[in-house]
Each structure stands twice: as structure tokens, then as C-alpha cells.
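User: I'd like to go through this model with you and ask how each label is earned. Could you set the values against the cut-offs as we go?

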Amino acid sequence: MFRLTDFTYGEKTVFLRADLNSPVENGKITSDARFRAVLPTVRYLLDSGAKLVIATHQSRPYKGDYITTEEHAEILSRLLGQEVEYVEDIFGRYAREKISTLKPGEAIILENLRFSAEEVFYKPIEECEKTFFVRKLAPLIDYVVNDAFAASHRSQPSLVGFARLKPMIMGKLMETEVDALSKAYESGERPRVYVLGGAKVDDSLRVAENVLRKRKADLILTGGLVGQIFTFAKGFDLGDANIEFLHKKGLLELVDWAEKILDEFYPYVRTPVDFAIDYKGERLEVDLLSEDKRLFDQYPILDIGSRTVEKYREILMDAKIIVANGPMGVFEREEFAVGTVGVFRAIGESPAFSVVGGGHSIASIYKYNITGISHISTGGGAMLSFFAGEELPVLKALKISYEKFKDRVKV
């Protein structure tokens with residue numbers, strides 16, 4: 001795949017697909033983490049004399065955080081120390097005029113890409129090429145730089161549509177992500193430990209099945225709803241309250257799949273030995289083998305217990321490779337952050353090369369000032385797809401573009 005240093009950008013118009021999709025409260029962006037992550041690429045291109053066209057999506061139609069990119073432009077301008085002009089258009093005449101009049105070292109940001117209907121659906125490259133979005137903008141662009149790793153598991157016009165029309169290049173963030181995840185996945189160092197938590201149970205089951213079958217993992221530690229499903233699949237009674245919750249979430253249908261994984265790889269999937277519940281307003285830890293487990297009938301499980309944290313910590317401290325995605329419990333409530341903080345701190349203190357991803361995982365790492373993790377991935381769903389062994393559409397598009405334009409390096 002092409003890297004930024006493969007080309008020169010002076011006087012060239014560069015379309016930079018970033019992922020600046022950020023949390024929003026009361027109409028205002030509350031975190032600039034994704035903006036800071038893409039700054040090295042933006043600065044490199046501007047310092048190289050590129051005419052820079054930045055594009056990003058923000059949320060989905062009808063959601064509360066579905067806003068314009070006007071504030072995105074303001075945040076980028078502040079971080080860069082130069083104006084990034086907000087263009088209230090995507091591929092119409094106004095946007096094309098703005099692109100055509102850009103000068104070297106100048107940058108604009110287009111309107112929220114998902115204001116365009118074409119950008120909402122997933123289509124193969126061949127169909128993405130035919131969209132109005134790609135057909136209108138392609139004649140104005142010299143290079144496409146993709147730094148949107150968090151969206152790399154999607155196939156949409158802005159992400160893959162230019163791949164056979166223009167050289168498509170990895171940005172610095174994309175390069176760092178691909179290198180780090182590839183190192184973790186391909187490493188032969190052992191033991192290799194995967195920590196799977198959170199609520200994306202089906203994605204986590206795909207990861208577990210893939211890394212165990214391909215012998216990419218030696219142990220899998222589970223928490224969150226993933227841990228509950230595997231625990232239930234092992235035959236433990238989680239109580240009426242928790243079984244009803246899993247039923248409402250549509251997760252009970254995944255128990256059979258979890259059982260099949262356990263049947264084939266039983267010793268390598270570890271589940272919690274105790275859980276924490278909210279008992280009359282306070283954290284109470286309940287051992288799975290104790291009589292207290294009857295409390296699960298009335299009280300929901302909100303975290304893994306301290307004994308589980310200690311068992312997981314011992315394993316993580318001896319690991320050589322660690323991949324983690326998803327919290328161990330409802331970390332937003334401080335008394336139920338014990339599991340998440342304990343496990344992630346152990347990952348940070350472990351000498352292993354570690355990769356942690358997922359929006360909630362990242363939020364907990366920053367909230368509790370956890371350090372020492374080798375690589376914090378910006379992509380939750382993309383990272384899970386990567387470790388599930390699935391071909392990410394954006395990485396496929398980057399490879400296709402490389403094969404088509406490899407004779408144009410350093411022009």
C-alpha cells in the first residue's frame with residue numbers, strides 16, 4: 001500500500017478522508033481526540049504544499065449528534081493554527097469552485113458526508129465509482145489520502161470510490177494503525193492474550209473463533225456482556241434479571257455459537273469467577289459458586305469481580321502480546337469501573353506489546369488516566385473486523401490502488 005512519503009504534493013490537490021466523527025452533547029463536540037490523531041497527516045500535507053480538501057462523516061441521519069462540520073472546521077483551525085474553511089456543500093458547484101480556487105498550503109473541510117444519500121449505503125468499489133460524489137470530484141483531485149481507519153470496515157464512495165481513479169495513499173494514522181494491528185496479529189511471540197469485553201458480542205465471537213482457529217491467540221479473557229454470554233454458555237445460571245436483560249438485547253441467540261467455540265477451544269476461553277451487582281445502591285461482589293448467586297435473580301450484573309481481576313492480571317503480566325476491546329462492566333459508574341480499570345491498568349503495566357481499541361475502552365483509559373499501553377486504536381468496529389480475519393474494504397481499496405498506480409511513485 002502507498003505511504004505518504006511515496007509522493008510529492010506541491011501544487012497538488014489532495015482529498016483527505018478523515019474520521020472526525022466525535023461525541024456531541026447539546027450540539028457541541030466534547031472531545032478533540034480524533035482531530036489530534038489526524039493532525040500529523042494534515043500538517044505533513046500542508047507543509048508539503050498540498051491544496052487540501054478534508055472530508056469526514058458525523059453520526060447518522062436523525063441522531064442527536066448528526067451535525068454539520070462547521071465546528072469541525074473551527075477545532076481543526078485552532079489545533080493547526082491556521083484557517084480550515086468550512087464549505088457548506090459536498091460535491092455541488094459551490095464545493096467544486098472552492099476546491100478549484102485552493103492555493104498551496106490552504107485547507108477546506110466539506111460538509112458532513114452523510115448529508116449525501118450516496119454516502120449512507122455500503123456498495124462495492126465498482127458501484128461507488130459511479131456515484132455523483134466520485135464523478136463530480138475526481139476530475140479536481142490529484143491524490144486521495146485515507147486516514148479514516150475507524151471507518152475502514154465500510155465500503156462507501158468517499159472511502160473506496162476513488163481507488164481505481166486516483167492514487168490512494170495511507171495517512172500517518174492509517175499507517176500506524178495497520179502496522180500496530182498487523183504486528184499484534186502476526187506475531188509469533190507467546191503467550192498471546194485477547195481480552196474481549198463490552199456489548200459487541202457477535203463481533204467478539206467472530207474474533208474469538210478466528211484467532212483461536214488460526215492459532216493467533218493462546219488465551220481469551222472475557223468480560224462485559226461477552227463474558228456473560230460465555231459464562232451462560234458454560235452452564236452457569238446468571239439469574240432471572242440478567243437472563244431477561246440478555247433476552248431483551250437479543251443476545252441469547254448467540255449462546256449456541258459461544259457453546260460451539262467452547263466445545264472446540266474450551267481451555268482457552270476464560271470467564272469471570274465472580275461478578276459485581278448493584279445491591280441496594282452499593283457494589284456487592286458475588287462468587288459464581290456461592291449461595292449468594294441467587295441475588296442474580298433480582299439484581300443486574302454490572303462488572304466483573306475483584307477475584308476475576310486478580311486472575312486476569314496474573315495472566316496479562318506474563319503475556320507477550322495483548323489485544324483488548326471493550327470494557328469489563330459499566331465503567332461510567334465509578335463503583336463499577338473496578339473491573340475495567342483493573343484489567344486495563346494490568347495491560348498498561350504488562351511488558352507485552354498491547355493494542356486496545358473501542359470507543360468505550362478509549363473513554364475509560366482517558367477517564368482513569370491509564371498509561372503504558374503500546375497502541376490505542378481509534379477504530380472499534382474496524383479493529384474487531386481486522387482481528388476477526390475479515391478483509392477491510394478500505395485496505396482492499398488501498399491495495400487495488402497500489403497495483404494500478406505503483407509506477408507513479410514520487411511524481
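User: What makes the side chains of Arg213 and Glu264 a salt bridge?

Analyst: Happy to start there, with the reminder that this is a predicted model. The N to O distance between Arg213 and Glu264 is 2.4 Å, and a salt bridge needs a side-chain nitrogen of Lys or Arg within 4 Å of a carboxyl oxygen of Asp or Glu. The pair therefore meets the rule. Arg213 sits in helix H8 (residues 201–213) and Glu264 in helix H11 (residues 255–265), so the bridge ties together parts 51 residues apart in sequence.

User: Why are Arg213 and Glu264 called partly exposed?

Analyst: The relative accessible area is 43% for Arg213 and 44% for Glu264. Buried means under 20% and exposed means over 50%, with partly exposed in between, so Arg213 falls in the middle class, and so does Glu264.

User: Which residues are joined into one network by salt bridges that share partners?

Analyst: Arg3, Glu175 and Asp179 form that network. Over the whole model, the count comes to 23 salt bridges.

User: How do you know that Arg34 and Asp19 form a salt bridge?

Analyst: Their closest N and O atoms are 3.3 Å apart, and the cut-off is 4 Å, so the pair qualifies. It links distant parts of the chain, 15 residues apart: Arg34 is in helix H1 (residues 33–47), and Asp19 is in the loop between strand E2 (13–17) and strand E3 (24–25).

User: Buried or exposed: what is Asp19, and how does Arg34 compare with the cut-offs?

Analyst: Asp19 is buried, because its relative accessible area is 8% and the limit is under 20%. Arg34, at 24%, is partly exposed.

User: And what makes Glu129 and Arg164 a salt bridge?

Analyst: The closest N and O atoms of Glu129 and Arg164 are 2.6 Å apart, which again satisfies the 4 Å rule. Glu129 belongs to helix H4 (residues 125–129) and Arg164 to the loop between helix H6 (157–160) and strand E9 (168–170), so the bridge ties parts that are 35 residues apart in sequence. Glu129 is buried, with a relative accessible area of 15%, whereas Arg164 is partly exposed at 30%.

User: Why is helix H13 described as largely enclosed by the rest of the structure?

Analyst: Because 9 of its 12 residues are buried. Those are Gly339, Thr340, Val341, Gly342, Val343, Phe344, Ala346, Ile347 and Gly348. The elements covering them include strand E10 (192–196), strand E15 (301–304), helix H12 (306–317), strand E16 (321–325), strand E17 (353–357) and helix H14 (359–367).

User: How do you know that the reach of H13 is close to what is expected?

Analyst: H13 (residues 338–349) reaches 16 Å from its first C-alpha to its last, and the value expected at 1.5 Å a residue is 16 Å.

User: Which residues have the most contacts inside the largest nonpolar core?

Analyst: They are Phe15, Leu110, Phe162, Tyr194 and Phe387, in a core of 82 residues. Leaving out residues up to four places away in sequence, Phe387 touches Leu181, Ala184, Tyr185, Tyr194, Val207, Asn210, Val211 and Val323. Apart from that core lies another of 33 residues, among them Leu4, Leu16, Leu39 and Leu52.

User: What makes the largest cavity count under the 30 Å³ rule?

Analyst: Its volume is about 60 Å³, and the rule asks for 30 Å³ or more, giving a count of 1 cavity. Its lining includes Asp19 and Arg34, along with Asp147, Phe149 and Thr378. H1 gives the most to that lining, with 3 residues.

User: What lines the second largest pocket?

Analyst: That pocket has a volume of about 290 Å³ and is lined by 17 residues, of which Lys234, Arg270, Thr271, Pro272 and Val273 lie nearest its centre. H12 gives the most to the lining, with 5 residues.

User: Last one: why does Lys123 count as partly exposed?

Analyst: Lys123 has 38% relative accessibility, and partly exposed lies between the 20% and 50% limits, so the label fits. Lys123 is found in the loop between strand E7 (107–109) and H4. Leaving aside neighbours within four places in sequence, Lys123 is in contact with Cys128 and Ser155.

Key: Residues are numbered from 1 along each chain as its sequence is written. This is a predicted model: local features need pLDDT of at least 70, side-chain atom pairs count only at pLDDT 80 or more; totals for chains, interfaces and linings use all residues. Side-chain values use heavy atoms; hydrogens and water are left out. Helices (H or I, at least four residues) and strands (E, at least two) are DSSP runs, numbered from the N terminus. The expected span of a helix is 1.5 Å times one less than its number of residues. Buried means under 20% relative accessible area, exposed over 50%, partly exposed in between (1.4 Å probe, protein chains only). Contact means heavy atoms within 4.5 Å. A nonpolar core is a set of buried Ala, Val, Leu, Ile, Met, Phe, Trp, Tyr and Cys residues joined through side-chain atoms within 4.5 Å. On a 1 Å grid over the protein atoms alone, a cavity is a set of points where a 1.4 Å probe fits but cannot get out, and a pocket is an open set with protein on both sides within 12 Å along at least five of seven lines; lining residues have an atom within 4 Å of a point. Grid points are joined across faces, edges and corners, and a volume is the space filled by probe spheres set on the points.
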